[in-house]
Amino acid sequence: MTRQTTMLNAYTPGAGHLSPEDSALAERRGRALGPAYRLFYETPVHLVRGEGVHLYDRDGKAYLDTYNNVASVGHCHPRVVEAMARQAATLATHTRYLHEGILAYAERLLALFPAGLAHVMFTCTGSEANDLALRIARACTGGTGVIVTDNAYHGVTLATAEMSMSIGPAVAPGPAVFPVPAPSAANYPEGVAAGFARAVDDACDRMAAQGIRPALLIVDTVFSSDGVYPDPEGFLAPAAAAIRARGGLFLADEVQPGFGRTGSRFWGFQRHGLVPDMVSLGKPMGNGYPLAGLVLQPETIAEFGAKARYFNTFGGNAVAAAVGLAVLDVIRDEGLQENAARVGRAFAEGLRALASRHEALGETRAAGLFLGQTILTGGRPDPARTARLVNALREERILISSTGPAGDSLKIRPPLPFSMANLDQFLTTLDKVLAREA
């Protein structure tokens, strides 16, 4: 299978239609940041400000953001900014002193989880959270083997990059990482639930043949880098049972789908009627502030906690805790989970309605405000056409990207305040772009 790399939806230096000023800025960026960084779009966007579901360029033009789940409650939300500034002006220190802020946040956060998930450890990024989860899984199980999906993304540390198949073969998979096909109907025509569980069991057999014991099955619970595969509800439970039967743990990576994005549930794993051994959090947790964490069942951390101490200079600091509380307040007070359910349902219906008029639109896969839309030519997935649509929408000042092993699906995950009016703008513009391209 062809796997996407970090070149997906990327600017090629010297290409595009940049102004002389932005071209000089891109060249300056390359000199300062080096060759490993990438800019989005054939013609990159020079952004200077954000507010709500919009981003603004240097000329004051607004771009509708249908991609950035990091700013989950909206770009530069005033309540989050105020909480950050107030706490930073009062006390900004780590977790090795007594302080009520981190405890208030931890207790508030844990109350959103099933009772079995009773501890939280704070980090700065989802990569750190997943890296910590692997360390804990090894201590708890005595194993080292990890199962991931074949276009997964779980982070940028050495350990998590080796678990991130989408980064490319120069990095992943690591020697103890065993990829399995993503849970799509195409990969498992006999049924996703049974097929995916069998794939996990088969991966454990491959480990055993190499003398490796299982430690962890880690999945993004909407499989966003694999192309967005959230359904059918419940299909993950047999896979979690399969890894546990072989002595490993199940980690739900909620860095992308968590915090109400799937609409019907606050966490993606809840759609599958199971309680993970660990849950990793990040990105939307701090609305752009570097805040992440790992939520665990007490027995999972017992062995690790008895033999090792954990400390993170910035993870869960007083400012992070204040920001995290503000994000939870906004999600609750502004009804953003409910909004994700309502607008997300209309989003999926709108895409399917457009598909009746445009042969380019294939399968729509959706859970709340997290959607994957396959793009076709002649009834077959078409990565080149997907890339053209991404860039055509950018020219219409709508920001979006692509996903999947070959990059043949639109990846749609706007900030949670995305409204029905915003949706109408998106669908109207997509309709126009598709008609123009036909």
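This passage describes cysteines, a helix face and the surroundings of one arginine in a predicted model.

The cysteines were considered first. A disulfide is a covalent bond between the sulfur atoms of two cysteines. Under the criterion of cysteine sulfur atoms within 2.5 Å, the model contains zero disulfides. Two cysteines illustrate opposite environments: C76 is exposed, with a relative accessible area of 52%, whereas C124 is buried, with a relative accessible area of 17%. The assignment of C76 follows because exposed residues are those over 50% relative accessible area, and that of C124 because buried residues are those under 20%.

Helix α2 spans residues 78-88, and its buried residues are V80, A83 and Q87. Viewed down the axis of α2, these buried residues fall within an arc of 65°, so they line one face of the helix. An α-helix has 3.6 residues a turn, so residues three or four places apart point the same way. The packing partner of the buried residues of α2 is helix α9, which comprises residues 318-333.

A further site was examined around R29, which belongs to helix α1, formed by residues 20-33. With a relative accessible area of 28%, R29 is partly exposed; this value lies in the partly exposed class because it is neither under 20% nor over 50%. When neighbours within four places in sequence are set aside, the contacts of R29 are G34, Y37, R38 and L39. Of these contacts, L39 lies ten residues from R29 along the chain, and the C-alpha atoms of R29 and L39 are separated by 9.9 Å.

Notes: Residues are numbered from 1 along each chain as its sequence is written. This is a predicted model: local features need pLDDT of at least 70, side-chain atom pairs count only at pLDDT 80 or more; totals for chains, interfaces and linings use all residues. Side-chain values use heavy atoms; hydrogens and water are left out. Buried means under 20% relative accessible area, exposed over 50%, partly exposed in between (1.4 Å probe, protein chains only). Helices (H or I, at least four residues) and strands (E, at least two) are DSSP runs, numbered from the N terminus. The arc is that of the directions from the helix axis to the C-beta atoms. Contact means heavy atoms within 4.5 Å.
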